[in-house]
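Trainee: Could you take me through one part of this model closely? I'd like to start from an empty space inside it and then follow the chain around that space.

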Amino acid sequence: MPNKIVIAITGASGAIYPKLLIEKLLSIPEQWEELSVVMSKNAQVVWQTELNNTSYQNYPVKFYDKYDFNAPFASGSARYNIMIVAPCSMGTLGRIANGISDDVITRAADVVLKERRKLLLLARETPYNLIHIRNMEAVTLAGGIICPATPSFYSLPKTIEELAATVTDRVLDLAGLNISSYRWKS
């Protein structure tokens with residue numbers, strides 16, 4: 001099955017992560033057939049605040065409103081096989097963990113889990129409370145992957161973008177995509 005990917009951007013801090021994910025995916029178009037993005041209004045505000053721009057509007061991808069239940073990834077029949085929520089707020093995580101499909105982000109996550117496809121949640125919070133941990137456990141038991149936004153330093157990143165890429169490259173590896181990235185002892 002050709003990769004059909006949806007990136008969901010929530011209002012948690014960390015707008016650099018979806019920016020880097022989209023840019024990396026656009027650099028490997030041979031590895032996906034469709035790339036869609038759904039972005040909450042809060043995510044737009046966070047992007048503008050943290051990155052000081054509205055560059056998300058310039059990417060050549062399909063954008064969907066958070067409440068557009070006609071988005072193709074809201075149904076398993078559309079065969080989207082990879083969903084990345086980046087950054088994933090704890091509120092979104094909690095709704096996904098408890099099957100509350102009150103918007104197209106949580107509906108698409110529910111679809112990906114029920115179809116046994118890849119759901120990756122780039123969790124952005126610190127510290128975690130017990131509710132967060134239990135929600136992460138529930139998503140993990142349902143087949144999702146929790147990938148905290150925890151950068152690594154062994155590649156000796158020199159910029160914020162290089163540091164954040166240690167997280168986004170890991171997410172794309174977990175999604176099963178073939179990317180160029182720093183590899184330990186390679």
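Trainee: From where does the largest share of the lining of the largest cavity come, and how many residues is that?

Mentor: It comes from helix 4, with 4 residues. Before we look closer, note that this is a predicted model, in which local features need pLDDT of at least 70 and side-chain atom pairs count only at pLDDT 80 or more, while totals for chains, interfaces and linings use all residues. Residues are numbered from 1 along each chain as its sequence is written, and side-chain values use heavy atoms, with hydrogens and water left out.

Helix 4 covers residues 104-114; helices here are DSSP runs of H or I with at least four residues, strands are E runs of at least two, and both are numbered from the N terminus.

Let's begin with the cavity. There is 1 cavity of 30 Å³ or more, and the largest cavity has a volume of about 30 Å³. On a 1 Å grid over the protein atoms alone, a cavity is a set of points where a 1.4 Å probe fits but cannot get out, and lining residues have an atom within 4 Å of a point; a pocket is an open set with protein on both sides within 12 Å along at least five of seven lines. The points are joined across faces, edges and corners, and the volume is the space filled by probe spheres set on them. Arg-95, Ile-96, Gly-99, Ile-100, Ser-101, Thr-106, Ala-109, Asp-110 and Leu-113 line the largest cavity. Helix 3 and helix 4 each give at least two residues to that lining. By class, the lining has 4 nonpolar, 3 polar and 2 charged residues, where Ala, Val, Leu, Ile, Met, Phe, Trp, Tyr, Cys and Pro are nonpolar, Asp, Glu, Lys and Arg are charged, and the others, Gly among them, are polar.

Now helix 4 itself. Of its 11 residues, 8 are buried, so helix 4 is largely enclosed by the rest of the structure; buried means under 20% relative accessible area, exposed over 50% and partly exposed in between, with a 1.4 Å probe and protein chains only. The buried residues of helix 4 are Val-104, Ile-105, Thr-106, Ala-108, Ala-109, Val-111, Val-112 and Leu-113. Thr-106, Ala-109 and Leu-113 are also among the residues lining the largest cavity. An α-helix has 3.6 residues a turn, so residues three or four places apart point the same way. The partners of this buried set are strand 1 (4-9), strand 2 (34-39), strand 4, helix 3 (90-97) and strand 5, with contact meaning heavy atoms within 4.5 Å.

Both ends of helix 4 deserve a look. At the N-terminal end, Asp-103 acts as the cap, with a side-chain oxygen 3.0 Å from the backbone nitrogen of Ile-105. A polar contact is a pair of N or O atoms within 3.5 Å; within protein, one must be able to donate a hydrogen and the other to accept it, and residues adjacent in sequence count only if both atoms are side-chain atoms. Just after helix 4, Arg-116 takes a positive phi of about 60°. Arg-116 sits in the loop leading from helix 4 to strand 5, and it is exposed, with a relative accessible area of 68%.

The two strands named last among those partners have backbone details of their own. Strand 4 (residues 82-88) holds Pro-87, which is joined to Ala-86 by a cis peptide bond with omega about -10°. In the loop between strand 3 (62-64) and strand 4 you will find Arg-79, which has a positive phi of about 60° although it is not a glycine. Arg-79 is partly exposed, with a relative accessible area of 45%. On the other side of strand 5 (118-123), the loop between that strand and helix 5 (130-141) contains Pro-127, and the peptide bond from Thr-126 to Pro-127 is cis, with omega near -10°. Most residues other than glycine have a negative phi, and most peptide bonds are trans.

For contrast with the cavity, finish with the largest pocket, which holds about 260 Å³ of space. It is lined by 15 residues, and Ser-152, Tyr-154, Thr-166, Ser-181 and Tyr-182 are the closest to its centre. That lining divides into 5 nonpolar, 5 polar and 5 charged residues.
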